[in-house]
Amino acid sequence: MLKVSSKILVGLLLASVAISCSQSEINENVLAKINDLEVTEAHFESAFKRYYYKSGQSLEPTYTVKSSVLDTEFNVYVLATYARQLGIDELNETKKMQGMIRRRVLTEEYLTQNILSNVEISDDDIRQMYLKFNTQLKASHLYTPTKEKADSLYKLLEQGSTFEELAGSVFQNKRLAESGGDLGLFTVDEMDVAFEKTAYGLKIGEISKPVKTAQGYSIIKLTDRITKPILTEYEFAVHKNQLAYFVDKQEKEMATRNHMYHFLENLDINSEMLTDIWQSIQNNYTAFQSSDPEFLSTQSLNKQSVLASYKSFDITIEDFREELGYTPAENLNNVQDVASFTHFVKGIAYRTYLLKQALDANLDKTEEVRASIDQTYYVYLAQRAEDAIRNDIEITEDELEKAYYENPSKYIKPLELDLSRIVVSTEDEAKDILQQLNNGSSFTEMVQQLTIRNEERLTDGRLGYEFVQNYGFISPKLSQLQPGDLSGVILFQTGEYHIYKCLGRKEVESLSFKQAKAMVRSELGKKKFKEHRSEIIEQVKRRHEAVVNTQKLKELTIQI
């Protein structure tokens with residue numbers, strides 16, 4: 001794991017210098033307060049641990065570090081106070097977001113307590129994941145957005161049709177259409193989780209029944225399986241915790257999906273009412289897109305009329321109207337026809353169901369959930385305050401020229417490389433490929449035959465021109481390549497070895513003021529924002545008599 005020095009992290013955290021104020025009118029378990037917003041000991045300890053693990057467990061709980069963490073957390077509340085000062089909290093869009101935040105936190109908490117808490121993983125599950133991580137599959141699939149079409153395709157396969165025959169009518173992508181839906185090689189976490197679980201459960205040549213994924217439905221045919229020959233207990237022990245985390249994450253994702261699928265499969269929608277609402281939308285689409293319930297004001301749509309039912313649970317027109325007001329704009333814009341509107345209604349119904357279950361369980365009255373709702377809302381207000389600060393920044397032409405001519409040599413166009421690459425999973429395979437390439441084998445043919453990055457087969461492994469620093473830790477090695485050169489074998493990450501070929505090179509180039517203007521503006525804008533933000537924070541602290549219990553912070557011991 002990457003280690004970050006505590007000095008570097010302190011610098012990143014330090015948005016403004018922590019202030020030492022009077023500790024009057026501040027409770028003993030509160031470290032900082034502004035108006036009704038408080039950073040408690042529990043809040044601070046939770047935040048400190050979050051930064052501690054982000055730093056690679058290298059953060060020392062010195063007073064300087066603790067002050068930086070407190071400053072960062074407290075400044076969220078200071079900026080939220082500034083947002084209130086500007087009246088941002090009174091805007092309709094802010095109130096809508098507050099409602100959306102409340103709904104999201106409550107529904108997530110309901111799922112966590114009632115669905116995800118039941119997920120259990122065994123040592124055998126972890127061992128199976130270890131095997132999967134060391135196994136590559138090759139498969140073909142047929143994709144369709146609807147279950148009806150997927151069932152009809154599966155029936156055709158049972159009657160003797162082949163993937164090659166059906167792919168042409170299923171895929172618009174030429175390669176998939178001509179290859180029978182061939183996906184090439186893939187491994188864990190490269191496909192939808194439901195697709196992956198099904199594919200790993202198949203035998204070579206076996207065809208799955210339609211699998212519901214986040215995108216639609218797939219029928220999968222496993223065509224090959226390649227497993228690392230030696231799997232040791234030592235490697236398993238080293239990676240066991242990471243594997244357990246990954247298994248738990250996947251199982252919770254599937255549990256969440258299955259809960260939703262069960263609801264949707266058993267949801268009974270009033271088709272006549274659905275048609276009436278869709279007609280109303282067509283008559284006033286603008287009102288619908290703006291979440292204005294005006295388009296529902298027809299005699300046939302009584303508030304208490306039941307739009308959909310799930311077991312003993314009813315979703316009324318009034319429920320639909322209310323939840324419509326807390327729906328993101330992008331979801332509204334996706335409604336273009338009856339099919340997409342039906343999908344939209346199902347989403348509203350599921351959200352309404354989860355919310356009512358959470359409220360019936362009184363989750364909105366628990367201290368932890370309320371604190372989570374408030375904290376998420378204050379973070380949103382702080383972000384809006386920062387947007388307002390950015391909008392206040394003005395940069396003149398004279399300032400841009402001055403910033404450029406003070407140090408014109410810093411404004412350059414970095415080295416760009418046009419690269420092609422082959423990615424394989426073992427060092428021995430990579431060395432063998434490199435030897436064949438040095439003996440004259442075609443790089444393009446090697447990409448098509450051997451790379452595990454399926455999407456790069458479509459471009460013969462070519463990545464196009466890219467600034468060399470975007471390649472991260474391998475950029476120094478790549479920067480030495482000239483057109484036609486091979487990089488040698490590079491270990492990129494566990495189980496991934498790269499070989500690069502340089503196809504083109506654009507050298508470092510000094511930029512004129514005109515060429516560098518956008519870069520200068522961005523740099524100067526960031527500098528001014530940081531300064532203005534710090535000034536605003538200090539002003540708001542003074543205006544609202546913010547207090548920080550520095551003595552309590554010095555005495556506080558962090559248990560990790």
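Asp460 counts as partly exposed, because its relative accessibility is 34%. This residue sits in the loop between helix 20 (454-457) and strand 12 (462-467). Its backbone is worth a look too: Asp460 has a positive phi of about 60 degrees although it is not a glycine. The model in which Asp460 is seen is a predicted one.

A second aspartate can be introduced alongside it. Asp189, likewise a residue other than glycine, has a positive phi, near 70 degrees. Asp189 is found in the loop between strand 4 (182-186) and helix 9 (193-200). With a relative accessible area of 52%, Asp189 is exposed, because the cut-off for that class is over 50%. Asp460, at 34%, is partly exposed.

With these two loops in view, the whole protein can be introduced. The protein has 23 helices and 16 strands. Its C-alpha atoms fill a box of roughly 80 × 70 × 55 Å along the principal axes. Of the 560 residues in the protein, 44% are buried. Among contacts between residues at least 6 apart in sequence, 74% join residues at least 24 apart.

How confident is the prediction, and where does pLDDT stay under 50? The mean pLDDT of the protein is 90, and 94% of its residues reach 70 or more. Over residues 1-24, however, pLDDT stays under 50. For this stretch the model has 53 contacts beyond four places in sequence. Where pLDDT is low, the predicted coordinates should not be read in detail.

The loop between helix 12 (285-289) and strand 8 (306-310) offers two residues to visit, one of them Ser305. Ser305 is buried, with a relative accessible area of 17%, a value that falls in this class because buried means under 20%. Leaving aside residues up to four places away in sequence, Ser305 touches Met273, Ile315, Thr316 and Ile317. Leu296 lies in the loop between helix 12 and strand 8 as well. At 1% relative accessibility, Leu296 counts as buried. From Leu296 to Pro476 the C-alpha to C-alpha distance is 62 Å, and the two are 180 residues apart in sequence.

Another long span starts at Leu86, in the loop between helix 3 (63-85) and helix 4 (92-114). Leu86 counts as partly exposed, at 42% relative accessibility. In space, Leu86 and Glu165 are 63 Å apart, C-alpha to C-alpha, while in sequence they are 79 residues apart.

Finally, a pair of helices shows how two elements of the model meet. The axes of helix 16 (residues 367-392) and helix 22 (residues 513-543) come within 10 Å and cross at roughly 120 degrees. Helix 16 and helix 22 are therefore oblique to each other, because that angle lies outside the range of 65 to 115 degrees for roughly perpendicular and is not over 145. The crossing of helix 16 and helix 22 is right-handed. On the side of helix 16, the contact is made by Glu386, Ile389, Arg390 and Asp392. Helix 22 contributes Phe529, His532, Arg533 and Ile536. Sorted by class, the contact of helix 16 with helix 22 has three nonpolar, one polar and four charged residues.

Note on methods
Residues are numbered from 1 along each chain as its sequence is written. This is a predicted model: local features need pLDDT of at least 70, side-chain atom pairs count only at pLDDT 80 or more; totals for chains, interfaces and linings use all residues. Side-chain values use heavy atoms; hydrogens and water are left out. pLDDT is the predictor's confidence in each residue, from 0 to 100. Contact means heavy atoms within 4.5 Å. Axes are lines fitted to C-alpha atoms, for helices over the stretch in contact, and angles run from 0 to 180 degrees between N-to-C directions. Helices (H or I, at least four residues) and strands (E, at least two) are DSSP runs, numbered from the N terminus. Angles under 35 degrees count as roughly parallel, over 145 as roughly antiparallel, 65 to 115 as roughly perpendicular and the rest as oblique. A crossing is left-handed if the near helix is turned anticlockwise from the far one by less than a right angle, and right-handed if clockwise. Ala, Val, Leu, Ile, Met, Phe, Trp, Tyr, Cys and Pro count as nonpolar, Asp, Glu, Lys and Arg as charged, and the others, Gly among them, as polar. Buried means under 20% relative accessible area, exposed over 50%, partly exposed in between (1.4 Å probe, protein chains only).
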